[in-house]
Amino acid sequence: KGKRVVVIMPDSIRNYMTKQLSDEWLWEHGIEDKARGFGMSDLSKLSDDEVAWWARKTVNDLKLKTPLTVRTDVTCEDAVQIMKENGFDQLPVLDSEGGVVGVVTEGNLEAAMIQGRCKAADEVSKAMFKRFRQVQLDTPLVDLARIFDRDHFALVVTS
């Protein structure tokens, strides 16, 4: 009498099923367990006969050229002009040390200027996308395709 009893009851996974039991969610968060097959891209579970010809190739196989970039202090107007003159619709934005800090797109810059969110003379850093997906040269194209299911672009980085 006079003693307190504490009973700890385990929570079920019911409230977490859309995340922890989803290979897609695990893959997006870099969680893989090859032994159990959790979080693996669908490709890892298939034989060569069951996948598209390009699926096991990597980003490096695309033979991409080094992209044209702009620095954070380039004006929005100049960035749009650079894209139009060079046939691009988006550019990575670099800081003063050469690190990627964002991406600008022609459509977003023009819309931002028309809507008054930024002026033509403002630096692109005011209108750039700061969140973007990065992939390495050894990223399988099947994983890049999965990224494109949700994101409009991904930046290829070498370090």
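Here is a walk through this chain, from its overall layout to its pockets and two of its residues. Keep in mind that the model is predicted.

Let's start with the overall layout. The chain has 159 residues, and 30% of them are buried. Its regular pieces are 5 helices and 5 strands. If you trace the sequence from start to end, these pieces come in the order α-α-β-α-β-β-α-β-α-β. Now look at the contacts between residues with a separation of 6 or more: 48% of them join residues 24 or more positions apart.

Next, the empty spaces. Rolling a probe the size of a water molecule over the atoms shows where empty space is left. The largest pocket holds about 750 Å³ of space. Its lining is made of 27 residues, and if you want to find its centre in the 3D view, look for Lys65, Pro67, Pro92, Leu155 and Val156, which lie nearest to that point.

Which element gives the most to this lining? That's strand S2, with 4 residues. You'll find S2 at residues 90–94, and strand S3 (100–105), helix H5 (141–148) and strand S5 (154–156) also supply at least two residues each. Sorted by class, the lining has 19 nonpolar residues, along with 5 polar and 3 charged ones.

The second largest pocket has about 180 Å³ of space. Around it sit Thr105, Phe129, Arg131, Phe132, Arg133, Asp151, His152 and Phe153. In this lining you get 3 nonpolar, 2 polar and 3 charged residues.

Now zoom in on a single residue, glutamate 106. You can spot glutamate 106 in helix H4, which covers residues 106–115. Is glutamate 106 buried or exposed? It is buried, and yet it has no salt bridge. The nearest side chain of opposite charge belongs to lysine 84, 4.0 Å away. Leaving aside residues up to four places away in sequence, glutamate 106 touches Val80, Met83, Lys84, Phe88 and Asp89, so lysine 84 turns up among its contacts even without a salt bridge.

Our last stop is lysine 63. This residue sits in the loop between helix H2 (23–28) and strand S1 (70–71). Its phi angle is near 55°, a positive value in a residue other than glycine. Why does lysine 63 count as exposed? Because its relative accessibility is 63%, and the cut-off for exposed is over 50%.

Methods:
Residues numbered from 1 in each chain as written. Predicted model: local features only at pLDDT ≥ 70, side-chain atom pairs only at ≥ 80, totals over all residues. Heavy atoms only, no water. 1 Å grid on protein atoms, 1.4 Å probe; cavity = no way out; pocket = protein on both sides within 12 Å on 5 of 7 lines; lining within 4 Å. Points joined across faces, edges and corners; volume = space filled by probe spheres on them. Nonpolar A, V, L, I, M, F, W, Y, C, P; charged D, E, K, R; others polar. Buried < 20%, exposed > 50% of the residue type's maximum accessible area, 1.4 Å probe, protein only. Lys, Arg positive; Asp, Glu negative; His and termini not counted. Contact = heavy atoms within 4.5 Å.
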